Amino acid sequence: MATVELRFSALPEHVRTARLVAAAVARRAGVDEAVLDEVRLAVGEACSRAVGLHQIGGISAPVKVLLIEEEKQFSIEVGDAAPHAVAGGGAGPGDPDGEADEDEMGLAVISGLVDDVEVSAGEHGGLIKMTWPTTPPPTILV
């Protein structure tokens, strides 16, 4: 199992770099070429969401991205350090501009792009784990 860890300052200009790195590692891991655009878009959405949460919350901690290559799957975990409201919170006094609605829209986009996605969140941050199947490289007989 190989893992690549990427940490970047919560600035929008770093999201593109995360997308490019994720696509390159996914390709090397054996993710189907036809799915790489979905990988790029999903990672971009997850990283943009994390950057937004950090900026809204005034959090200086970096956004964390783990790219994990396993035997028959490739996973990407995007973590933020923003405290998340307990389920059922919705837009409230701490969310005057409907940022929770925007957050839900981002998660809906990710869910539409990735078949296997897990979202967890708590008072110490959140994590989006996205997984894609891989195909082993062809065997070359000499």
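**Charge pairs and packing in the predicted model**

The side chains of R40 and D37 form a salt bridge, with an N to O distance of 2.4 Å. The model is a predicted one. Both partners of this pair lie in helix α2 (residues 36-57), and because they are 3 residues apart there, about one helical turn separates R40 from D37. R40 is partly exposed, at 24% relative accessibility. D37 is also partly exposed, with a relative accessible area of 48%. Side chains of opposite charge can pair when their charged atoms come close.

The count of salt bridges comes to 5. Another of them joins R7 to E5, with 2.7 Å from N to O. R7 has a relative accessible area of 49%, so the residue counts as partly exposed, the class that ends at 50%. E5 is partly exposed as well, at 45% relative accessibility.

A further salt bridge connects the side chains of R28 and E69, at 3.2 Å from N to O. This pair links distant parts of the chain. R28 belongs to helix α1 (residues 15-29), whereas E69 belongs to strand β2 (residues 63-69). The two residues are 41 residues apart. Their surroundings fall into separate classes of accessibility. R28 has a relative accessible area of 53% and is therefore exposed, the cut-off being over 50%. E69 is partly exposed, with a relative accessible area of 22%. Buried would require a value under 20%, so E69 does not fall in that class.

Charge also gathers on the surface without such pairing. E38, D115, D116 and E118 form a negative surface patch. One of these residues, D116, is found in strand β4 (residues 116-122). D116 is partly exposed, with a relative accessible area of 36%. Patch members need over 30% relative accessible area, so D116 meets that requirement.

These elements sit within a mixed chain. The protein chain contains 3 helices and 5 strands. Along the sequence, their order is β-α-α-β-β-α-β-β. Of the 142 residues in the chain, 37% are buried. The accessible surface of the chain is about 8400 Å². Carbon and sulfur atoms account for 55% of that surface. Contacts across the sequence were also tallied. Among contacts with a separation of 6 or more, 68% involve residues 24 or more positions apart.

Two buried residues illustrate the packing. The first to consider is R49, found in helix α2. R49 has 11% relative accessibility and counts as buried, because the value is under 20%. Leaving out residues up to four places away in sequence, R49 touches D80, H84, D103, L107 and I128. Two of these contacts, D80 and D103, are with Asp residues.

The other is V15, found in helix α1. V15 is buried, with a relative accessible area of 5%. Neighbours within four places in sequence aside, V15 is in contact with G44, C47, S48 and V51. A separation along the chain can also be set beside a separation in space. V15 and V63 are 48 residues apart in sequence. Their C-alpha atoms are 9.8 Å apart in space.

Conventions:
Residues are numbered from 1 along each chain as its sequence is written. This is a predicted model: local features need pLDDT of at least 70, side-chain atom pairs count only at pLDDT 80 or more; totals for chains, interfaces and linings use all residues. Side-chain values use heavy atoms; hydrogens and water are left out. A salt bridge is a side-chain nitrogen of Lys or Arg within 4 Å of a carboxyl oxygen of Asp or Glu. Buried means under 20% relative accessible area, exposed over 50%, partly exposed in between (1.4 Å probe, protein chains only). Helices (H or I, at least four residues) and strands (E, at least two) are DSSP runs, numbered from the N terminus. Patches are made of residues with over 30% relative accessible area and no salt bridge: like charges are joined within 9 Å, nonpolar side chains (Val, Leu, Ile, Met, Phe, Trp, Tyr) within 5 Å. Accessible areas come from the Shrake-Rupley method with a 1.4 Å probe; for residues, only the protein chains shown count as cover. Lys and Arg count as positive and Asp and Glu as negative; His and the chain ends are not counted. The place of a charge is taken as NZ of Lys, CZ of Arg, CG of Asp or CD of Glu. Contact means heavy atoms within 4.5 Å.
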